[in-house]
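Q: Could you take one part of this model and look at it closely, describing how it sits among its surroundings? I would like a connected account rather than a list.

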Amino acid sequence: MNNLDIAQTPSTPMVRADNEQGRVFMAGDSYPENPFEFFQPIIDWIDDFLKNDDRPLAFDLELIYLNTSSIRAMMDIFDRLEESHQSGRPVSVAWNYDPDNERVGELAEEFKEDCTFPFTIAPRS
């Protein structure tokens with residue numbers, strides 16, 4: 001399975017999915033013009049990893065802003081992680097946010113409420 005590298009743009013976050021480490025990292029703003037086109041490779045990579053590997057998957061986020069369609073896509077991703085967790089698969093999310101941007105911290109808390117897997121939220125120092 002290949003790694004996934006998506007360069008950051010003004011409207012999309014940088015994404016790095018590392019198969020060897022079992023880690024996905026996303027950082028930046030997320031308000032893509034075509035959210036399906038942007039998020040589908042990420043969702044496909046996560047699905048492939050969860051299907052073809054039994055190692056833990058860690059999802060590290062440093063997102064600054066998410067529009068409604070990005071929030072929906074993240075909900076889809078978290079649903080996949082939750083399903084895997086319920087099946088006994090170790091998955092986790094670590095969301096670091098700018099302490100001056102309380103809205104992102106609140107959004108992360110809203111996501112966390114629906115998840116039973118380890119989900120940490122912390123302001124960046």
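A: What follows is a close look at helix H3, together with the sheet and the other helices around it.

The model is a predicted one, and the description below should be read with that in mind. Helix H3 is formed by residues 102-113, and its 12 residues reach 17 Å from the first C-alpha to the last, close to the 16 Å expected at 1.5 Å a residue. Within H3, the residues Val104, Gly105, Leu107, Ala108 and Phe111 are buried. These buried residues cover an arc of only 160° around the axis, which puts them on the same side of H3. The face turned away from that buried side carries two exposed residues, Glu102 and Glu113.

The next point is what lies over the buried side. Among the elements that cover the buried residues of H3 are strand S4 (57-66), helix H2 (68-86), strand S5 (91-97) and strand S6 (119-123). The strands named here belong to an open sheet of 6 strands, which has the order S1-S2-S3-S4-S5-S6 and mixed pairing. Strand S1 (4-6) and S6 are the edge strands, each of them pairing on one side only. On average, neighbouring strands of this sheet are turned by 10° against each other, with direction ignored.

Helix H2 lies across S3, S4, S5 and S6, and H2 runs at about 165° to S4. H3 also packs on the sheet, where H3 touches S4, S5 and S6, and the direction of H3 makes about 170° with that of S6.

Strand S4, which is among the elements covering H3, deserves a closer look of its own. Of the 10 residues of S4, 7 are buried, so this strand is largely enclosed by the rest of the structure. S4 is joined to strand S3 (residues 23-30) by 8 bridges, and the two strands run parallel. Along this pairing, Val24 stands opposite Phe59 in S4, while Met26 stands opposite Leu61 in S4.

Helix H1 can be described in the same terms. H1 spans residues 35-52, and its 18 residues reach 26 Å from the first C-alpha to the last, close to the 26 Å expected at 1.5 Å a residue. The buried residues of H1 are Phe38, Phe39, Ile42, Ile43, Trp45, Ile46, Phe49 and Leu50. The cover over them includes S1, strand S2 (14-18), S3, S4, H2 and S5. S4, H2 and S5 are thus named in the cover of H1, and they are named in the cover of H3 as well.

For contrast with these buried positions, one may turn to Pro10, which lies in the loop between S1 and S2. Pro10 is exposed, with a relative accessible area of 71%. Leaving aside its neighbours within four places in sequence, Pro10 is in contact with Asp29 and Tyr31. The C-alpha atoms of Pro10 and Asn67 are separated by 13 Å, although these residues are 57 residues apart along the chain.

As for the record, an unreviewed UniProt entry carries the annotation "domain: SiaC family regulatory phosphoprotein" over residues 6-122. Over that stretch the chain is 42% helix and 30% strand, and the end C-alpha atoms are 24 Å apart.

Methods:
Residues numbered from 1 in each chain as written. Predicted model: local features only at pLDDT ≥ 70, side-chain atom pairs only at ≥ 80, totals over all residues. Heavy atoms only, no water. Helix = DSSP H or I, 4+ residues; strand = E, 2+ residues; numbered from the N terminus. Expected span 1.5 Å × (residues − 1). Buried < 20%, exposed > 50% of the residue type's maximum accessible area, 1.4 Å probe, protein only. Arc of directions from axis to C-beta. Contact = heavy atoms within 4.5 Å. UniProt positions renumbered as here; feature names shortened; annotations may be inferred. Pairing = 2+ DSSP bridges. Axes fitted to C-alpha atoms, helices over the stretch in contact; angles between N-to-C directions.
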